[in-house]
Amino acid sequence: MTKKWFIKSLGLEIMGMSLDKKSGFLFFFVICLLNISLSKVQAQSDEHPFTIERSADNSIKRISSIAEWERQRWSIIKGMEEVMGELPQRIDLPPLNMQVSDTLRTDNYSRLTISFTVAKEEKVPAYLYIPHRSGVTGKLPAMLALHPTGEIGKDIVDGQGLANRGYAKELAERGYIVIAPDYPGFGALEEYKFDRDRYKSGTMKGIFNHMRSVDLLQKREDVNPHKIGVIGHSLGGHNAMFVAAFDTRLKVVVSSSGWTQLGYYDTGKAAHDKYGGRLGPWAQDVYMPLLRDRYNLDDNIIPFDFHEIIAVIAPRFFFSNSPVKDNNFEVNGVRKGISKSRKVYKFLNADENLQVRYPESGHDFPTKVRREAYQFIDKVFDHTPFEHEIE
């Protein structure tokens, strides 16, 4: 968002507050501005210029200051919107109006089957996991868990699909409040009509839904609003990256088997024939049709790539599980993307915040790496996990 838009939105929020709340909020806002200024001074004092490859015009951009990087970061977001459609306005949204239709109680948590309003006449079904133990402060960290491709949608991350996919359930057992929404076209949204909605892509509809899922978490009194992350495998892996690029409230991002540089994406001749080209699978209604309609499936003119998405997430915490035998997301493209995006993390003095694992497996989220991802999240949020078994 632009500074002008942010200040305008902030003004609207403050106008509706009582005098006491206004004073408290303004004090908090001033402290935040001071912290931001101090962090910028720190980064600039240890400045190391770097270059980044710009997909928007296939140029090499030299970045030598925080201000230059902020402008480039904004350019990358706009490039994503060129392909995905613009992120809808997030002001004057209706109440979330969460409805609970079922409750499953286990030894460690309760799983609520819910639906909630994301926009006028737009609802999203989801699972909401509430651990039975509360945190020392009464608040717990929370995670947005995005499911991979599969007809049963959110049931997959509940452990009802393939092995190594039950990360929503496992994180709830670990002591996290977790929300796991269905992605359009799957689960309870199986009959979703992409040609009748207001979005330019299924990807942007997903981003909007997922940001509203974060809204729901932040409004809960048992959630620490400063400790919210996102995790996903495959479809959920790149959707985790997409929503984190737009939503800075997500402090840690785990993407499993979810990405490679577009120039390396190739799932074989069958996909070429079925979808009209190497990048055709990305141009389905569930993803970004404009890749075909506007960019002719040509990665040389598509105005963003995955190294830029990771760069936009910086300096927040990013963990990638990228198996060396993944037939969907070629590992050499991952290595190249990490090399390019790591420059930004180094520039922002946050090199350790970017972590990658390269297990000897196919398109999977192996138990060992999943455990390391959970430990990474625990460390970021200073969370002592409850004892549980990882399948």
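**Figure 1. Long-range contacts and overall make-up of the chain.** Of the contacts in the chain with a separation of 6 or more, 67% are between residues 24 or more positions apart. The model shown is predicted. Twelve helices and eleven strands make up the secondary structure of the chain. The chain has 391 residues, of which 54% count as buried.

**Figure 2. Close-up of the packing of helix H6 against helix H7.** The view shows H6 (residues 202-219) and H7 (residues 235-246), whose axes are 9 Å apart and pack at an angle of about 65 degrees. The two helices are therefore roughly perpendicular to each other. The crossing of H6 past H7 is right-handed. On the H6 side, the contact is formed by Thr203, Met204, Ile207, His210 and Met211, which meet Asn239, Phe242, Val243 and Phe246 of H7. Sorted by class, this contact has six nonpolar and three polar residues, and no charged residues.

**Figure 3. Close-up of phenylalanine 242 and its surroundings.** Phenylalanine 242 is placed in helix H7. With a relative accessible area of 0%, phenylalanine 242 falls under the 20% cut-off and is therefore buried. When neighbours within four places in sequence are left aside, phenylalanine 242 is in contact with Met80, Met84, Thr203, Ile207, Trp282, Met288, Phe306 and Ile309. Among these partners, Thr203 and Ile207 belong to the H6 side of the contact between H6 and H7, while Phe306 and Ile309 are residues of H10. Glycine 206 is 36 residues from phenylalanine 242 in sequence, and the two C-alpha atoms are 9.0 Å apart in space.

**Figure 4. Close-up of an aromatic cluster that includes Phe242.** The cluster is formed by Phe242, Trp259, Tyr265, Trp282, Tyr287, Phe306 and Phe329. Two of its members, Trp282 and Phe306, are also contact partners of phenylalanine 242. Phe242 is contributed by helix H7, and Phe306 by helix H10, where this residue is buried.

**Figure 5. Close-up of an edge-to-face aromatic pair.** The count of aromatic pairs comes to 17. One aromatic pair is formed by tyrosine 192 and phenylalanine 194, with 5.0 Å from centre to centre and 70 degrees between the planes, and is edge-to-face. Tyrosine 192 has a relative accessibility of 21% and so counts as partly exposed. Phenylalanine 194, at a relative accessible area of 19%, is buried. The two residues fall on either side of the 20% cut-off, which is why they are placed in separate classes.

**Figure 6. Close-up of helix H3 crossing helix H10.** The axes of H3 (residues 66-84) and H10 (residues 306-313) cross at roughly 130 degrees and come within 10 Å. At this angle, H3 is oblique to H10. H3 passes H10 in a left-handed crossing. Trp69, Arg73, Ile76, Ile77 and Met80 of H3 meet Glu308, Ile309, Ala311 and Val312 of H10. The residues of this contact divide into seven nonpolar and two charged, with no polar residue.

**Figure 7. Close-up of the enclosure of helix H10 and the loop that follows.** Eight of the eight residues of H10 are buried, so the helix is largely enclosed by the rest of the structure. These residues are Phe306, His307, Glu308, Ile309, Ile310, Ala311, Val312 and Ile313. Glu308 is thus both buried and part of the contact with H3. Alanine 314 and proline 315 are joined by a cis peptide bond, with omega about 5 degrees. Proline 315 lies in the loop between H10 and strand E10 (317-321).

**Figure 8. Close-up of two loop residues with positive phi.** Most residues other than glycine have a negative phi, and most peptide bonds are trans. Aspartate 92 has a positive phi, near 60 degrees, and is found in the loop between H3 and strand E3 (99-105). The relative accessible area of aspartate 92 is 76%, and this residue is exposed. Leucine 297 also has a positive phi, near 55 degrees, and lies in the loop between helix H9 (290-293) and H10. Leucine 297 is buried, its relative accessible area being 15%.

Note on methods: Residues numbered from 1 in each chain as written. Predicted model: local features only at pLDDT ≥ 70, side-chain atom pairs only at ≥ 80, totals over all residues. Heavy atoms only, no water. Axes fitted to C-alpha atoms, helices over the stretch in contact; angles between N-to-C directions. Helix = DSSP H or I, 4+ residues; strand = E, 2+ residues; numbered from the N terminus. Parallel < 35°, antiparallel > 145°, perpendicular 65-115°, else oblique. Left-handed = near helix turned anticlockwise from the far one by under 90°. Contact = heavy atoms within 4.5 Å. Nonpolar A, V, L, I, M, F, W, Y, C, P; charged D, E, K, R; others polar. Phe/Tyr/Trp six-rings, centres within 6.5 Å; stacked < 30°, edge-to-face > 60°. Buried < 20%, exposed > 50% of the residue type's maximum accessible area, 1.4 Å probe, protein only.
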